[in-house]
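Trainee: Could you take me through one part of this structure closely, the open sheet and what surrounds it? I would also like to hear about the unusual backbone spots and the nonpolar cores.

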Amino acid sequence: MDRVNSLLSKMTIREKVGQLNLVTAGQVVTGPSGSGDVIENIRAGNVGGVFNLWGREAVRAMQKAALKESRLGVPLFFGLDVLHGFETIFPVPLAEAGAFDPHLWEETARAAAEEAASGGIDLTFAPMLDVCRDPRWGRIVEGPGEDPLVAAKFAQSKIRGFQGAGLSSRAAVGATAKHFCGGGAAQAGRDYAAIDMSDRELHETYLPPFRAAVAAGCAAIMPAFNSLAGIPLTAHAALLTGWLRIKHGFSGVVISDYTAIAELIQHGLAADEVEAAALALKAGVDMDMVSGCYLHLPEALSRGLVDEAQIDAAARRVLELKEKLGLLDDPYVRLRSAGSARKTWGELARNAARRSIILLTNRGVLPFDPNIRRLAIVGPLADARADMLGPWSAAGDPAKVVTTLEALRAAWTHGELLHHQGVDVDGKDASGIGAARALCASADVIVLCLGESAAMSGEAASRARLDLPGRQRELAQAIMDVGPPVVLVVSAGRPLMISDLIEPAAAVLASWQPGEAAGDAIADILLGRFNPGGRLPVTWPRHVGQIPIHYAQRSSGRPPQSTDFFTSKYLDLPNDPLFHFGHGLSFARVSLNYLRATPEELDEDAPVKIEVEATNDGEVATEETIFLFLHDVVASVARPMIELKEWTKVALGPGETRTVSFLLDRDHFRFLGKTLEPVIEAGDFEVMVGVSADRKSALRVRVRLRGALSAGHPSEGINFTQG
């Protein structure tokens, strides 16, 4: 702290403002514009950090310019979007969330941090914590899915992994929780579009992951591009200062998204860059990414739009971050690491990929019968290296990707392997369909690899049509008519609306975008070398007309009934999704029985033990994910009909039965009451335990909570959607 105060005392206003300027070096393009002559601005003291630059020599050269050629020699920090790996690319976050394994989430973040740090990176713009219930939004691929509890645990695991035992470690990188908050609820699923939601939705669904991130000690927070109830998050003082800093004690750095401060002009809140800079600074944004608006803060100061204390506070937080990162002690701290052993992370990448893949359906064709002699592998994603990496894989090398075709070719030594691409991912040429169909006619089994390219997911990649792009549907229909059983492997960054193809397939794997070990992981499952255990972290709709969709719905006064016309339903589709949140199969079948609660009546301060018997009815060992949901039957506010409170994983040998236990304490029964104050209310609670969020298939038991209404944690009830 003394060093920070000493540095601040020596700085001119322009040098303080320079610490608030985050520029891109342009090694990779992640936005619409660049930052000009970066080296010249560093020499002038106009830069506090650089992103989109990595590599030991490149980082060393730029750091040297800051230390030797600027007046005060304040070190830079270097940032990058390391969402699911640095050089070793793991499954995209949406896929990895489906492993429902906080230890795995932490382990892959730790590996990514060690690699990124050895490449000179000090700070990652991850984890992305946007809860999303609209697969039209391209950035659903970057986050943990639709559930706030999953997102909160994902946040804690990733931050522990990235930051390790301490930020100053040469093997740690600071974590930036983004996008604060509600970006996944952008209207019509369009990236950057406005958000409009109730305060209840904001506090119950979209803020909890960020509360968890702050509690886990994340180094930075990044506001969303969007406006919330008319107030852009980049200028949202009530949330950035009121909720984040004052209420939850966040003391780290708030970093704008790419050119988001200048975009306050487009939002209609600022007339020029000076006003935009003043609005963002006063709201609580410490660093300006790329737009250069904060370089106008001296003019804002002279016009009385900000005061020097606000500039000082932001500059102090940036310098404190550099101190925590160890840069004030050793500006080259991360460049002194020896680097990571790639072979270690290669095994982790394979394990993460196969644990993230979801077996959606299986009519007994998987795992493959060893007597199969002719295997056809068809489709544009059978041998597509770069598309397996997904978005945000800047330092990943597509040449290192193992494709499904390569993995099966290496493993399929006892028979003939046939291959034809058929069509491109999104091309218009259908001339290869006939040859692909002819090739498949002589096969015993067909593996059909379809889906999206990597560029169809991620930022600015929203889709109104969620079917297969290009001529893939025609290829699929032609292949499925041939006769041999078809195993459909869907590689995409979101659920696709392909129920008409899923239904006739003999088996369907949702592989998502599994990273560099894609082919090995897929082959491991097809050949029975690994028993799949991934589960859906999002609801998979039947049709785009059901979107937005999620499992934790509230009942209406007219719930759907087959006996009454005037109920909440569609005329042309069931209300139920194609696959429920948590759905996923394995090569065994686990049955749940004998659900019980001890005690069934309890005081609000007493815990209740929930037990269920899990039996592996199959002939192979398996691992099952078991979910516990609650429903508050009668409450002062209508509660979701099913709400995730805990989950656990249980390993079971063939025929084995184990007792699975959950312990529910008062926190599990707390919710936000009428005034958005946390309360616990006496009454009946329905406890549901199952292998997905399908209410109809879950086991149920009731517990009764005795006692009066009571408050929980300090107020959550301030209206923060108003600026």
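Mentor: Happily; we begin with the sheet and then move outward to the cores, the odd backbone spots and another group of strands.

A word on the ground rules: this is a predicted model, in which local features need pLDDT of at least 70 and side-chain atom pairs count only at pLDDT 80 or more, while totals for chains, interfaces and linings use all residues. Residues are numbered from 1 along each chain as its sequence is written, and side-chain values use heavy atoms, with hydrogens and water left out.

The open sheet has 6 strands in the order 11-16-15-14-12-13, with mixed pairing. Strands (E, at least two residues) and helices (H or I, at least four) are DSSP runs numbered from the N terminus, and two strands pair if DSSP finds at least two bridges between them. Strand 11 (358–362) and strand 13 (416–420) stand at the edges; each has a single partner strand, so one side of each is left without a neighbour in the sheet. From one strand to the next, the twist averages 15 degrees.

Inside the sheet, strand 12 (residues 374–378) pairs with strand 14 (residues 445–451) in the parallel sense over 4 bridges. Ala 376 has Ile 446 of strand 14 as its bridge partner. Helix 21 (residues 518–526) packs on the sheet and touches strand 14, strand 15 (486–491) and strand 16 (507–510); contact here means heavy atoms within 4.5 Å. The direction of helix 21 makes about 150 degrees with that of strand 16, where axes are lines fitted to C-alpha atoms (for helices, over the stretch in contact) and angles run from 0 to 180 degrees between N-to-C directions.

Now the cores. A nonpolar core is a set of buried Ala, Val, Leu, Ile, Met, Phe, Trp, Tyr and Cys residues joined through side-chain atoms within 4.5 Å; buried means under 20% relative accessible area, exposed over 50%, and partly exposed in between (1.4 Å probe, protein chains only). The largest one has 153 residues, and those with the most contacts inside it are Phe 180, Ile 221, Leu 297, Leu 488 and Trp 512. Helix 12 (residues 273–283) gives the most to this core, with 7 residues. Apart from it lies another core, of 38 residues, among them Ile 377, Trp 412, Ala 506 and Phe 587. Leaving aside neighbours within four places in sequence, the contacts of Ile 221 include Phe 180, Phe 210, Leu 244 and Ile 255.

As for the backbone, most residues other than glycine have a negative phi, and most peptide bonds are trans. Thr 259 has a positive phi of about 60 degrees and is buried, with a relative accessible area of 9%. Ala 460 also has a positive phi, near 60 degrees, but Ala 460 is exposed, at 56%; its place is the loop between strand 14 and helix 19 (472–480). A cis peptide bond joins Ala 126 and Pro 127, with omega about 10 degrees, and another joins Thr 598 and Pro 599, with omega about -5 degrees. Pro 599 is in the loop between strand 17 (590–598) and strand 18 (601–603).

That brings us to strand 18, which pairs with strand 26 (residues 699–706) in the parallel sense over 3 bridges. Here Glu 601 stands opposite Arg 704. Strand 26 is also joined to strand 25 (residues 683–690) by 7 bridges, and these two run antiparallel; Val 689 stands opposite Leu 699.
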